[in-house]
Amino acid sequence: MGLNSLTLREAQEGLKAKKFTSQELVKDCLDRIEETDGKIRAFLAKNPLALKEATENPQGIPVAIKDNFNTSGLETTASSNILKGYLPPYDATVVRKVKENNGIILGKTNMDAFAHGSSTETSDFGPTKNPWDLQRLPGGSSGGSAAAVAADQAIFAIGSETAGSIRGPAAWCGIVGLKPTYGRVSRYGLIAMASSTDSPGPLTKTVGDARTVYHWIKGQDPHDATTVDQGEGTVKEIRDLKIGLPKEYFRPEGQKEVNETVWQAAKVFERLGARLVEISLFDPQYAISVYTIVQRSEVSSNLGRFTGIRFGHGRETFNAENKRRIMLGTYALSAGYYDAYYKKAQQVRTVIIDDFKKTFEKVDLILAPTMPSVAPRLGVTQGQSMYGELADILTEPSSVAGLPAISLPCGFVAGLPVGLQLIGPLWQEEMILKAAEEFERNTAWHKEKPKL
Amino acid sequence: MKYTPVIGLETHVELATASKMFCGCSAEHFQAPPNTHTCPVCLGLPGALPVPNKRAVDWTLLLAEALQCQLNTQSHFDRKNYFYPDLPKSYQITQYEKPLGENGQLEIAPGKIIRIRRVHLEEDTGKLQHTQIGSDRVVLVDFNRSGVPLVEIVTEPDFRSLEEVDLYVKKLQRIIRRLEISNADMEKGSMRLEPSISLSGDEVPVPLPNDQLPPYRVELKNINSFRFARKALEYEIQRQSELLTMGQKVLQQTRGWSEDKNATFAQREKEGEHDYRYFPEPDIPPLEFTPEELEAIKHKIPELPYPRAVRLINQYGLSDYQADLLTENKDLADYFEKAVTTAAKNVSPKEIANWLINKKIDIAKLSPQALLAEIASAKETTTISDEEMERMVREVLAENSQAVADYRKGKTQILGFLIGCMVKKIGPKADRNAISQKLQEKLRVS
C-alpha cells in the first residue's frame, strides 16, 4: 500500500515527522490515478503542476476537487461540454482555503453535468464507476470525488451538495461525507446549481478528517452574502444524546437489508449510552416535489448566463438533462404558474423547516439510512428523468431545510457499502461530528477498502 | 375634441457610490476605457455571487424617506430573467415584490401632489456600442456600467400636463442632489426618464381610480435626454389625439424616440411583452430593518430644497422667484444665509438675493463678506450741494441741446444718456436717483 492510502491525519503527521515528503505523497496518488482511473474515471482535468507544487510545499496534501469549483487556470467544466476548455480567472473561496491549508490539487473530479443528477451518469464525459463494483454507480453528483477517495487516488476530496450530492456518493462508495449547514461554507466560485441549497463540503476517509477540512473551509465570506458568522453549538457527550429514528425514513420500498443494517448500526450508539427513540417526521416524499420545483426554478435562471457570454461552447451543447431542468424551471416560474408551483413549494418548504425545528426540541440528532438502497447498476438512470430525486428522498428534506448532516460507513449488503446519516439542528456540525467520531471509533467499517 | 394627457413617470437614477451594487469594482464609468472596471461578479462569470452595497441601500432609503414613502421593515431583491447581450447573467437583480419604499408623494406646486408608487434598488446593465470595424458592422459590449447601482422611482399616473412633468423632474433632481446621492445628470445618463402616456376625453381628477384610467397605455423607452422625453410626449399627445379624434383605438405599446424623424416609433406590442419570471434572489438574504433603524433614517434627512425655499420666503421676505433660484443648490442657499447673518442693518436680505441672482456672483470666488462689501460700496454716493447739482445740470443740458430736443419729442430713453453725462462730471459714485430727478425736473420746466 502506498502513501496514497493514508488518511489526512496520517499524511499530516507523516509529513511533520518527515517520514516521507510531500512529493512522495503526491507521486503515490498520481501513480494510483494512473493505475486505476482508466477503470474508475473519477478525474477530468489533472493538474500538471501538482508535483512541482509539492516540491515547493513540504506540507502539501494531495486533494481532488469536484469540477464545479472554479480553479484559477485549471480547466473547470462542471462536467458539461458547454464549459469544455474553460480556464477560470479565479479560485473559489473553498479552493483558496484548501490551498492556504497546504492542499495540492491533483485534478478535477467528474460529476453529473452541472450537478444535475445523483449518479454521475449525466456527465458529458462519461460516468464514473463505483470502486467497489465497476458495474455500479458511484452516486452523485459528487461521484468522482467520492470514488477518488474510496479508491485512494486522493487523501481527501471536496464536493458539493444540493440535496444528497455529498452524502449519497459517500454512502455508496463507503466513505465519510459531511454536508454543512447552508451558509456555513462559502459558495463563491462554486458553479451554481440550486443557489438556495448548494453547500460545499468534504469527502474523506474518516470523521476526524472531515472535521479538519470542515474547519478549513467554513466561515463567513465577504464574497457570499448568504454565509453567516455563526459559532458552533455546545457539544454533548454521547451518553447525553437523544437520537431520533424517523419511521418514515425506513421505507418499505427501500432495500430491506439496508434498513436492517442501519437499525443494527444505531444500536452501536445505544451501547455507547445514547438514547434511541422512534420519531415521526413529515413524509420525505413531499420534499421531493418541493426540492424539484425550487431547484429546477433556480437552475433555469442560473444557467441563463451560458447563453450570453460563451465560455466554451454554445448553448446547443447543454445535455438532455440540463435542458429538461431548464424547461421545467422556466415553466414553474412563468406568470400564471409561479403561485401554483414556486410559491407553493416555498410554503411547503417552510412546513418542512418547522417540522425539523419541532423535532429537534425532542431529540438532539436524527439517524436514518443515507440512501434507501446500495449502489445500483450503471444505466439505471436511463429514461428515468426523476431518478435522482427519488434516490435522494432521504437527503432532500434536510437539504431543503438547510440542515447539517454526515454520512458514514455502517456496514455492507452483498459486498456493497451502506451509509447511515446523522442529521443535526442548524449550525450543530460539531455535535454531529462528535457523535459520528464515537461511532467510528467503535466500528471498523471505515477501514474496509475496495479491491481494485 | 380636447383631450387630457394622463402621464406616469419611471425615473432611473445612478447612485454615486464609490463601488458597484454587488461587487467592489469602481462604479465610475463615464469615459472610462471600456471593460476596465470589471470582475467575475459584474461580468457574470460562472460561480460569482452578488454582495449588496450597504451604502446604496442606505441612500435608497434616504431618497424614499425624502419622498415620504413608507419604508418596509422587510424588503428583498428579485431576479428579473431576460436575455440581452448587455446583461451577462441573463437576469437583472432588482426589487419586485418588496421594494425598499412604497406609497410616497412629492408636492410639485402648492396643492399639486404626485403620488410615488415605489422606490426600489437594482443594478444597471452594460452598454452596447453599435459600430463598424473595418467593413464589419459589429456590436461591442462595455461592462463598466454593468452592476452600477440604480434607483428606480415610479409615480402613479398623476401628471396632467408637460409642465407638471417639468416641475416634478426639477424637484426630484434637486432633492437627489441635496441628498448628495447622485449628480442626477441627464446628459451623462445618470438620470433617465421613461414616461407612459395615454389620453382621456373626460375630466381626469387626481388621484384617478384605476378603473377610470384610459384603456391603454403607451410607454416611451430608451430616451436619453429630458429634451427628447419632452418632445416624445408632445408628439404622443398629438399622435394619440389624432387617432382618438378619428375614432380609432390607440394600441398599448412600447415606443422609442427617433431623433432623425422627430417622431416616436413602435417597439413592442403588448402581446410581445416579456415574462420576466421574477423570483426572490436566492443569493442575497432578505433585507430586514428594525423600526428604530428606519426612524433613524428620518433624522438623516437634511433640510430639503422646497421646504428651505418656503422658509427663505417666510424668514427673509424673499419672492417665490428668488427663493426658488437660491435653493437650486445647497451651496448657493448656504452662501445667501451666511451673507444675511453677517450683513449690516442697511443691507436687506432681498438686496443680497438680488445681487446674487442678477449679478451672477461666482460664489466660489467671492466670499460672503466680500459680497457685502461690494453691496455697501455700491450704495455709497457722492453727495454734492443743490447749487452745484443745479449748475451741472444746466451745463449738461446746454452741451447736449440735440438730446434735450429729442427727449422733448418723446424719446424719453435719452434720459439714461444724460444721466451718464452727469456721472462723468460728478464721479462714479454719484447718486443716480437724485440726478435723474433733477434732470427730469429741468427737462419738464424749460
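The following paragraphs describe the overall dimensions of chain A, its contact with chain B, and the sheet and helix packing of chain B, in a model that is predicted.

In chain A, the secondary structure comprises 14 helices and eleven strands. The radius of gyration of this chain is 20 Å, close to the 22 Å that the globule rule gives for 452 residues, so chain A is as compact as a globular protein of that length. The C-alpha trace of chain A extends over about 55 × 55 × 45 Å along its principal axes. Where the two chains meet, 23 residues of chain B are in contact with 30 residues of chain A. On the side of chain B that touches chain A, the residues comprise 14 nonpolar, four polar and five charged.

Chain B contains an open sheet of nine strands with mixed pairing, in which the strands follow the order S2-S6-S7-S10-S1-S11-S12-S13-S14. The edges are formed by strand S2 (70-71) and strand S14 (263-269) of chain B, each of which has a single partner strand, so that one side of each is left without a neighbour in the sheet. Strands of a sheet pair through backbone hydrogen bonds, and this pairing may be either parallel or antiparallel. Within the sheet of chain B, strand S7 (residues 112-123) and strand S10 (residues 149-155) run antiparallel and are joined by seven bridges, and B:Val119 stands opposite B:Ile153 in S10(B).

Helices of chain B pack on this sheet. Helix H1 (residues 54-66) of chain B lies across S2, strand S6 (101-109), S7 and S10 of the same chain, and runs at about 175° to S7(B). Helix H3 (residues 226-245) of chain B also packs on the sheet, where it touches strand S1 (4-14), strand S11 (191-200), strand S12 (218-220), strand S13 (253-258) and S14 of chain B, and the direction of H3 makes about 15° with that of S11(B).

A further packing arrangement in chain B involves two helices, H7 (residues 330-342) and H8 (residues 349-358), which pack at an angle of about 140° with their axes 10 Å apart. H7(B) and H8(B) are therefore oblique to each other, and their crossing is right-handed. In this contact, B:Phe336, B:Ala339 and B:Val340 of H7(B) meet B:Pro349, B:Ile352, B:Ala353 and B:Leu356 of H8(B). The residues of the contact between H7(B) and H8(B) divide into seven nonpolar, no polar and no charged.

Notes:
Residues are numbered from 1 along each chain as its sequence is written. Chains are lettered from A and ligands numbered from 1 in the order in which they are written. This is a predicted model: local features need pLDDT of at least 70, side-chain atom pairs count only at pLDDT 80 or more; totals for chains, interfaces and linings use all residues. Axes are lines fitted to C-alpha atoms, for helices over the stretch in contact, and angles run from 0 to 180 degrees between N-to-C directions. Helices (H or I, at least four residues) and strands (E, at least two) are DSSP runs, numbered from the N terminus. Angles under 35 degrees count as roughly parallel, over 145 as roughly antiparallel, 65 to 115 as roughly perpendicular and the rest as oblique. A crossing is left-handed if the near helix is turned anticlockwise from the far one by less than a right angle, and right-handed if clockwise. Two residues are in contact if their C-beta atoms, placed from the backbone, lie within 7 Å. Ala, Val, Leu, Ile, Met, Phe, Trp, Tyr, Cys and Pro count as nonpolar, Asp, Glu, Lys and Arg as charged, and the others, Gly among them, as polar. Two strands pair if DSSP finds at least two bridges between them. The radius of gyration is taken over C-alpha atoms; the globule rule is 2.2 Å times the number of residues to the power 0.38.
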